[in-house]
Amino acid sequence: MDTSRMAIDWDVARESNRANWEDRVPLHEEAYGIEQLDDPNYLTPVVRTDLAALSPLLPDGAVSGLDVCHLQCHIGTDTLSLARAGARVTGVDFSPAALRSAAGLADRLGIDATWVESDVLEARAAVTGDFDLVYTSIGTINWLPDLGRWASQVAALLRNGGLFYIRDGHPALYSIDEHADGLQLRYPYFGNGQAQLWDDATTYAGDGKVEHQRTYQWAHPLSEIINALIGAGLQLLRVEEGATLPWKFSPRMVEVPGGFAWPVGERDLVPCTFTVIARKP
């Protein structure tokens, strides 16, 4: 991996990233354990965690009966879990293979869902209707160069009074060398508009390899994320930081209830996730 940053056209970067995510689909269909969804009461751990965080701010404490748009939904396991919780769901993703997988899973499970193929930065033009909740979680905005444009899409998709929810990897976590023997900084925390180039055949789930290895990602400090949402006219309701992740960011992480964490003695040194809940006035 080349840890230097570079300027690259978004269309070029997006197509390279899309090819990589297309390759991930069959790997993640296996690694995600989607057969667990055959249990009609099963919700993914990600959605269970997120619904618990959202509950105090939702009507009647639940998504039941709400229109929910899930941005960057990938193969739809979390989207369908939101549907199982009673929401009317629309999943948005830029990968045709991921959406075919999501639609096939929805059909097999007998769950109604709408799937829209779109770059998330153009979601408002692609998606019909507006929503009580726009949802995104986890591993999303590091793939995007322009958070102002992203936040404007979120705001435009929401009804007045609607909520936006994001839980994602903390930008402080992403600055750490995942292969170092201890907590050692390696990657930039602050973004400058340039992309980090990665050449990596692995993914965060499973042992398979992808054919299209090159991806581009962008650093976004927490201040940039929050200010993008404020700039789009959203009202912040909650900001949280967490010490566990739903995937194993580093080989040094250990499995704990709810995911993975740094070894004992290091867990209070760096956040693993952030959560923001905001409302469209």
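Here are a few friendly points on three helices in this predicted model.

1. Start with helix H2, which spans residues 45-54. Its buried residues are Val46, Val47, Asp50, Leu51 and Leu54. Viewed down the axis of H2, these residues fall within an arc of 120°, so they line one face of the helix. A general rule helps here: an α-helix has 3.6 residues a turn, so residues three or four places apart point the same way.

2. What lies over that face? The cover on the buried residues of H2 includes helix H3 (77-84) and three strands: S5 (131-137), S6 (158-169) and S12 (273-279).

3. Now look at H8, residues 222-231. Here Leu222, Ile225, Ile226, Ala228 and Leu229 are buried. They cover an arc of only 155° around the axis, which puts them on the same side of H8. Among the elements covering them are H6, S6, helix H7 (171-174), strand S9 (235-242) and S12.

4. How do H6 and H8 pack together? Helix H6 (residues 147-157) meets H8 at an angle of about 45°, and the two axes are 8 Å apart. Angles from 35 to 65 degrees count as oblique, so H6 is oblique to H8. Their crossing is right-handed.

5. Zoom in on that contact. From H6 come Leu147, Gly148, Trp150 and Ala151, which meet Glu224, Ile225, Ala228 and Leu229 of H8. Sorted by class, the contact has six nonpolar residues, one polar and one charged.

6. Finally, follow the chain just past H8: there Gly233 takes a positive phi of about 95°.

Definitions and conventions: Residues numbered from 1 in each chain as written. Predicted model: local features only at pLDDT ≥ 70, side-chain atom pairs only at ≥ 80, totals over all residues. Heavy atoms only, no water. Buried < 20%, exposed > 50% of the residue type's maximum accessible area, 1.4 Å probe, protein only. Helix = DSSP H or I, 4+ residues; strand = E, 2+ residues; numbered from the N terminus. Arc of directions from axis to C-beta. Contact = heavy atoms within 4.5 Å. Axes fitted to C-alpha atoms, helices over the stretch in contact; angles between N-to-C directions. Parallel < 35°, antiparallel > 145°, perpendicular 65-115°, else oblique. Left-handed = near helix turned anticlockwise from the far one by under 90°. Nonpolar A, V, L, I, M, F, W, Y, C, P; charged D, E, K, R; others polar.
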